[in-house]
Amino acid sequence: MSSRNVDLLKVYRSDDSEGLYHHFHNGYEMVYIEQGCSEFIIDHVADQYGPQSLVFINHLEQHRMRPLSTPYVRYVLLVDPDFFDRFVADPVLCSIFKQRPAHFTHGFQLDDADARFTLETIPNKDGPDTTGVQVGQR
């Protein structure tokens with residue numbers, strides 16, 4: 001995570017089926033999958049997510065990702081935990097990252113209207129990278 005409170009990254013994966021190795025972030029991570037399908041392994045539990053899916057990963061929660069189909073396009077939002085705690089007071093929203101029930105699943109698929117809204121709210125998604133992280137083919 002950079003020195004900012006929120007980082008938005010756009011990552012493309014078109015031919016890489018190996019994915020990412022186990023890692024974690026000191027930040028809350030939200031992943032929106034625009035194209036392709038991926039397997040996420042979060043705290044040793046594997047789930048598959050496809051287009052129009054949102055995936056939520058707690059800070060310091062070990063996870064990995066492996067694309068199952070390409071092209072694989074996703075948007076990743078990392079939010080500083082202190083920033084989140086200061087500005088998000090809604091207990092239902094907080095429960096996505098904290099106080100999860102036993103049957104919690106890390107992601108879900110949006111309907112078409114919610115997927116359009118999600119893409120429309122992503123700043124600079126088609127513009128130049130403003131995150132300081134290299135964007136594009138990885």
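## Cys 37 and the cysteines

Let's start with Cys 37, which sits in strand β3. Is Cys 37 buried, partly exposed or exposed? Cys 37 has a relative accessible area of 30%, so it counts as partly exposed. Keep in mind as you look around that this is a predicted model.

Cys 37 touches Tyr 49, Gly 50, Pro 51, Pro 67, Leu 68, Ser 69 and Tyr 72, leaving aside residues up to four places away in sequence. Take Gly 50 from that list: Cys 37 and Gly 50 are 13 residues apart in sequence, yet their C-alpha atoms are 4.1 Å apart in space. Another cysteine to find is Cys 94, which is buried, with a relative accessibility of 13%. How many disulfides does the structure have? A search of the whole structure finds 0.

## A hairpin of two strands

Now follow strand β3, which covers residues 28-42, towards strand β4, which covers residues 45-49. The two strands run antiparallel and are joined by 5 bridges. One pairing you can look for is Ile 42, whose bridge partner in β4 is Val 45.

Together β3 and β4 make a hairpin, with 2 residues between the strands. In that turn, Asp 43 has a positive phi of about 50 degrees.

## Two nonpolar cores

Here is a general idea to carry with you: in soluble globular proteins, nonpolar side chains tend to be buried together. In this model, the largest nonpolar core has 15 residues. Which of its members touch the most other members? They are Tyr 32, Phe 84 and Phe 97. At least two residues of this core come from each of β3, β5 (53-57), β6 (63-79) and α3 (112-121). Strand β3 gives the most, with 3 residues.

Tyr 32 is a good place to zoom in. Setting aside residues up to four places away in sequence, Tyr 32 touches Gln 52, Ser 53, Leu 54, Val 73, Arg 74, Tyr 75, Leu 110, Ala 115, Thr 118 and Leu 119. Apart from this core lies another one, of 11 residues. Its members include Ile 33, Ile 42, Val 55 and Ile 57, and you have already met Ile 42 as the bridge partner of Val 45.

## Three salt bridges

Side chains of opposite charge can pair when their charged atoms come close. How many salt bridges does this structure hold? There are 3.

In one of them, Glu 39 pairs with Arg 66, with the closest N and O atoms 3.2 Å apart. This pair links distant parts of the chain, as Glu 39 is in strand β3 and Arg 66 is in strand β6, 27 residues apart. Glu 39 has a relative accessible area of 15%, so it is buried, while Arg 66, at 31%, is partly exposed.

Another salt bridge joins Glu 61 to Arg 100, where the closest N and O atoms are 2.7 Å apart. Glu 61 lies in the loop between β5 and β6, and Arg 100 in the loop between α2 (91-94) and β7 (107-109), so the pair also links distant parts of the chain, 39 residues apart. With a relative accessibility of 8%, Glu 61 counts as buried; Arg 100 is partly exposed, at 22%.

There is also a salt bridge between Asp 85 and Lys 98, whose closest N and O atoms are 2.4 Å apart. Asp 85 belongs to helix α1 (residues 81-87) and Lys 98 to the loop between α2 and β7, 13 residues apart. Both partners are partly exposed: Asp 85 has a relative accessibility of 39%, and Lys 98 has 29%.

## Backbone details to look for

Finally, turn on the backbone and look at strand β6, where you will find Pro 71. Which form does the peptide bond from Thr 70 to Pro 71 take, cis or trans? This bond is cis, with omega near 0 degrees.

Two loop residues are also worth a look. Gln 52, in the loop between β4 and β5, has a positive phi of about 70 degrees although it is not a glycine. Gln 52 is also among the residues that Tyr 32 touches. Leu 60, in the loop between β5 and β6, is another residue other than glycine with a positive phi, near 65 degrees.

How values were computed
Residues are numbered from 1 along each chain as its sequence is written. This is a predicted model: local features need pLDDT of at least 70, side-chain atom pairs count only at pLDDT 80 or more; totals for chains, interfaces and linings use all residues. Side-chain values use heavy atoms; hydrogens and water are left out. Two strands pair if DSSP finds at least two bridges between them. Helices (H or I, at least four residues) and strands (E, at least two) are DSSP runs, numbered from the N terminus. A nonpolar core is a set of buried Ala, Val, Leu, Ile, Met, Phe, Trp, Tyr and Cys residues joined through side-chain atoms within 4.5 Å. Buried means under 20% relative accessible area, exposed over 50%, partly exposed in between (1.4 Å probe, protein chains only). Contact means heavy atoms within 4.5 Å. A salt bridge is a side-chain nitrogen of Lys or Arg within 4 Å of a carboxyl oxygen of Asp or Glu. A disulfide is a pair of cysteine sulfur atoms within 2.5 Å.
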